[in-house]
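User: I would like to go through this protein with you, one topic at a time. Shall we begin once the structure is on display?

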Amino acid sequence: MDISISPLTLLFRSQYRQLVRFCRIRVRDQADAEDIVQAAFLNARRAYPDKGIEELRPLLFTLVRNGALDFLRSADHRRRQASVEIGEAAHLIACDRSPTPEQQLMDADRLKAAQKIIDGMALHRRDALLLHRIEGLTYAEIEKRLSMSRTGVIVAIAEAVAELAEGLARAEGRRIPPGR
């Protein structure tokens, strides 16, 4: 046996897997168990640098057990556990985030109406709107792309948005405010 190897290093090599299994039974997560065991070895190195193997082995199991208990009591663990439990029960929650089939149908109809309105727009309005809202270009980039003035780009986008809003309101049977 190499005398230069510390007792803690020897224990790490021989007991690490067993300590991780011991901890994983309690915390149920491999990565968390490994973190707790590694922290136990670091704590043992700091607190008990001169202890031998026979004294360190039971101390490590105690450190791991206490680390697992602290972990299970921690707010972070409880928060993660609650998140997992909610995720597993998502199908039981009354206010599911996914749209209903009726909402999906209404959204599809509204999208078709919007596309029809956009297709019927004047070319400069449609292009300015799509470049700005879909492609995310700035007014300056749209000016260059469409060879328009900055004011022209702003007006074209505003008119396109207004035309789209009015067209959708008509398509949905809503009243259009006076003055438009």
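Analyst: One term is needed beforehand: a residue counts as buried when its relative accessible area is under 20%, and as exposed when that area is over 50%. Please also note that this is a predicted model.

User: Understood. Which residues of α6 are buried, then?

Analyst: In α6, the buried residues are Ala128, Leu129 and Leu131.

User: What do the buried residues of α6 pack against?

Analyst: They pack against three helices: α5 (101–119), α7 (139–146) and α8.

User: Let us stay with α8. At what angle do the axes of α6 and α8 cross?

Analyst: The axis of α6 (residues 123–134) crosses that of α8 (residues 150–171) at roughly 95°, and the two axes come within 8 Å. Angles from 65 to 115 degrees count as roughly perpendicular, and α6 and α8 are therefore roughly perpendicular to each other.

User: Which residues meet there?

Analyst: From α6, the contact involves His124, Arg125, Ala128, Leu129, His132 and Arg133. From α8, the partners are Ala156, Ile157, Glu159, Ala160, Val161 and Glu163. Ala128 and Leu129 thus appear in this contact and are also buried.

User: How many nonpolar, polar and charged residues does that contact have?

Analyst: The contact of α6 with α8 has six nonpolar residues, two polar ones and four charged ones.

User: What span should α6 have, and what does the model give?

Analyst: At 1.5 Å a residue, its 12 residues should span 16 Å, and the C-alpha atoms at its ends are 16 Å apart, so the two values agree. After α6 comes Gly136, which has a positive phi, near 75°.

User: Which residues other than glycine have a positive phi?

Analyst: Two examples are Arg28, with a phi of about 65°, and Ser147, with a phi near 55°. Arg28 sits in the loop between α1 and α2, whereas Ser147 is in the loop between α7 and α8.

User: Are those two buried or exposed?

Analyst: Arg28 counts as exposed because its relative accessibility is 72%. Ser147 is likewise exposed, with a relative accessible area of 68%.

User: Moving on to α2: what happens at its start?

Analyst: There, a side-chain oxygen of Asp29 comes to within 3.3 Å of the backbone nitrogen of Ala31. Further along, the buried residues of α2 are Asp32, Ala33, Ile36, Val37, Ala40, Phe41 and Ala44.

User: How far apart are the end C-alpha atoms of α2?

Analyst: They are 26 Å apart, which agrees with the 26 Å expected for the 18 residues of α2 (residues 30–47) at 1.5 Å a residue.

User: Now α1. Is Gln15 buried or exposed?

Analyst: Gln15, which lies in helix α1 (residues 7–27), is buried, since its relative accessible area is 11%. Leaving aside neighbours within four places in sequence, Gln15 is in contact with Arg57 and Phe61.

User: And Ile25, buried or exposed?

Analyst: Ile25 also belongs to α1, but its relative accessible area of 62% makes this residue exposed. Its C-alpha atom is 9.7 Å from that of Ala68, which is 43 residues away along the chain.

User: Finally, the overall picture. How many helices and strands are there?

Analyst: The secondary structure comes to eight helices and zero strands. Of the 180 residues, 23% count as buried. Among contacts with a separation of 6 or more, 54% are between residues 24 or more positions apart.

Methods:
Residues are numbered from 1 along each chain as its sequence is written. This is a predicted model: local features need pLDDT of at least 70, side-chain atom pairs count only at pLDDT 80 or more; totals for chains, interfaces and linings use all residues. Side-chain values use heavy atoms; hydrogens and water are left out. Axes are lines fitted to C-alpha atoms, for helices over the stretch in contact, and angles run from 0 to 180 degrees between N-to-C directions. Helices (H or I, at least four residues) and strands (E, at least two) are DSSP runs, numbered from the N terminus. Angles under 35 degrees count as roughly parallel, over 145 as roughly antiparallel, 65 to 115 as roughly perpendicular and the rest as oblique. Contact means heavy atoms within 4.5 Å. Ala, Val, Leu, Ile, Met, Phe, Trp, Tyr, Cys and Pro count as nonpolar, Asp, Glu, Lys and Arg as charged, and the others, Gly among them, as polar. The expected span of a helix is 1.5 Å times one less than its number of residues. Buried means under 20% relative accessible area, exposed over 50%, partly exposed in between (1.4 Å probe, protein chains only). A polar contact is a pair of N or O atoms within 3.5 Å; within protein, one must be able to donate a hydrogen and the other to accept it, and residues adjacent in sequence count only if both atoms are side-chain atoms.
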